[in-house]
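Biologist: I have a structure to go through. Could you explain the labels you put on it?

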Amino acid sequence: MAVQSGDSESMDVKQVMQSADGESEYRFPWHSEPEARKMIRNLVVQYYRDFKKEDMRKSFCPGDRIPYASRVYDEKEMCALTDAALDFWLTSGRFCEELEAQFANWIGVKYASLVSSGSSANLIAFMALTAPELGERQIRRGDEVITVACAFPTTVSPILQYGAVPVFTDVTIPQYNIDVSQLEAARSDRTKAVMIAHTLGNPFDLKAIREFCDKYDLWLIEDNCDALGSRYTIDRETRYTGTWGDIGTSSFYPPHHMTTGEGGCVYTNHPLLHRLIQSYRDWGRDCVCPPGHDNLCGHRFDGTFGQLPPGYDHKYVYSHLGYNLKMTEMQAAIGLEQLQKLPMFIEKRKKNWSVLKNALADLSDRLILPEAAPDSDPSWFGFLLSVREESGLKRNQVTQEIEKRNIQTRLLFGGNLLRQPCFDQLRGTDAYRVAGTLECTDFIMRNAFWVGVYPGMTEEKLTYLADSIREACMKNA
């Protein structure tokens, strides 16, 4: 097998491998770095086509594993990753800068900051609101943040870890998002923010939440990790979720709408919040110079900060107690190619969700089928179902039967977080507060599960999935 590289002579892959193993003195036919990169890229393309492409497209047979999610990629991601590896700039650099710019432009915000994960994104988003630069709106220890108990833990963890007080509210079914009728009861004089997620791509009632936050001058953090590409309309204005709040967060973990492996993003339209986000992400430093650059402002050695001696090197001035949660170049290079595919991924998720909704419509007496929130256009992360208790079905019996058919199922994350072991030492203390009852949250904990709608799902997989759910419900009724 030969690989052609532009004007360069063709070279045999076996010879290349022998040379790499030190078993030959074969001289590669390149004369410059750009030519070498081109040849390496061509080899990567050939590698993908020979060894990976069939894995991505192989036909489905009943009984083959159907995951709840998986990465979808082609040779472009592999070539981008190779380019970044050849640069060997191992931290944030040109690929990260480009992805931040392109992502901000795509989702429709002024500023985007890449981070190491969606959980890191939530941590940074929350910590930015604890900065003293925010004056009276600064979240201090003991202040309250309204959220939901039916959630993924890292939406709530930063609040507790900082020493603020999460106030838990219930959700509604079948949207599985915050019950906005509980907002007023959840608020107190200590309330500073609302921090909640759009559940499995289904937007929460942004109009009601936005009006509530505006009324009481509260911050809104949209955990958009499971909803990238979802849209919501308020007063005839349609935007992507994550951009209606003060800060939005995304996850680029492999199951999500686009992937960089590990990775995430924090985004905002607020210049001060953007500056704080970057400070907390980058060790808490005061300096804004990117990695590898010094003294862009021209005042590196003439400032006065805190109780430091005058002229202390500004690169080592820390205005916040921060972290190091940056993304790497290799991850961002993959992300740039994934972002180009994102519109297609979103449409495929919507289509797959609709196929399952139609295929399972006749099971509405046994299962509660999901519904999109009013005024929304969801980019679905999964297809969420709840077993009707009056049907006599048990959730675990249904999911175990589906799993026997080699189909992955997932629960709605922590169910009721307050019943998780991580709350054992907090239960009964003033570390958190509950507004009203958590009746629907407990119902979801007992009865809800979800299956995948990721872009790699085929018509055959969806049919097998729907048939398996139906047979599991009939068998266990």
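Modeller: Start with one definition: a residue is partly exposed when its relative accessible area lies between the 20% limit for buried and the 50% limit for exposed. Keep in mind that this is a predicted model.

Biologist: Why is Tyr-47 called partly exposed?

Modeller: Its relative accessible area is 39%. Buried needs under 20% and exposed needs over 50%, so a value in between is partly exposed.

Biologist: What makes Phe-51 exposed?

Modeller: Phe-51 has 53% relative accessibility. The cut-off is over 50%, so Phe-51 counts as exposed.

Biologist: Why is the aromatic pair of Tyr-47 and Phe-51 called tilted?

Modeller: Their ring centres are 5.2 Å apart, and the planes make 50 degrees. A pair needs centres within 6.5 Å; under 30 degrees is stacked, over 60 is edge-to-face, and the rest is tilted. So this pair is tilted. Both residues lie in helix α2, four residues apart, about one turn of the helix.

Biologist: What makes the pair of Phe-126 and Tyr-162 edge-to-face?

Modeller: The planes are 70 degrees apart, with 5.8 Å centre to centre. Over 60 degrees counts as edge-to-face, so the label fits. This pair links distant parts of the chain: Phe-126 is in helix α5 and Tyr-162 in helix α6, 36 residues apart. Both Phe-126 and Tyr-162 are buried.

Biologist: How do you know that Cys-265 has no bond to Cys-225?

Modeller: The sulfur of Cys-225 is the closest cysteine sulfur to that of Cys-265, yet it is 10 Å away. A disulfide needs the two sulfurs within 2.5 Å, so this is too far for a bond. Cys-440 is in no disulfide either: its nearest cysteine sulfur, in Cys-150, is 9.5 Å away. The count is zero disulfides.

Biologist: Are Cys-265 and Cys-440 buried or partly exposed?

Modeller: Cys-265 has 0% relative accessibility, so it counts as buried. Cys-440 has a relative accessible area of 25%, so it is partly exposed.

Biologist: What makes Arg-137 lie over the face of Trp-219?

Modeller: Arg-137 is 3.6 Å from the ring centre. The limit is 6 Å, along with an angle within 35 degrees of the ring normal. Arg-239 also has its charged end over a ring, that of Trp-244, 3.9 Å from the centre.

Biologist: Which residues are closest to the centre of the largest cavity?

Modeller: Ser-70, Val-72, His-256, His-257 and Phe-345 are, out of 14 lining residues. This cavity holds about 70 Å³ of space.

How values were computed
Residues numbered from 1 in each chain as written. Predicted model: local features only at pLDDT ≥ 70, side-chain atom pairs only at ≥ 80, totals over all residues. Heavy atoms only, no water. Buried < 20%, exposed > 50% of the residue type's maximum accessible area, 1.4 Å probe, protein only. 1 Å grid on protein atoms, 1.4 Å probe; cavity = no way out; pocket = protein on both sides within 12 Å on 5 of 7 lines; lining within 4 Å. Points joined across faces, edges and corners; volume = space filled by probe spheres on them. Phe/Tyr/Trp six-rings, centres within 6.5 Å; stacked < 30°, edge-to-face > 60°. Helix = DSSP H or I, 4+ residues; strand = E, 2+ residues; numbered from the N terminus.
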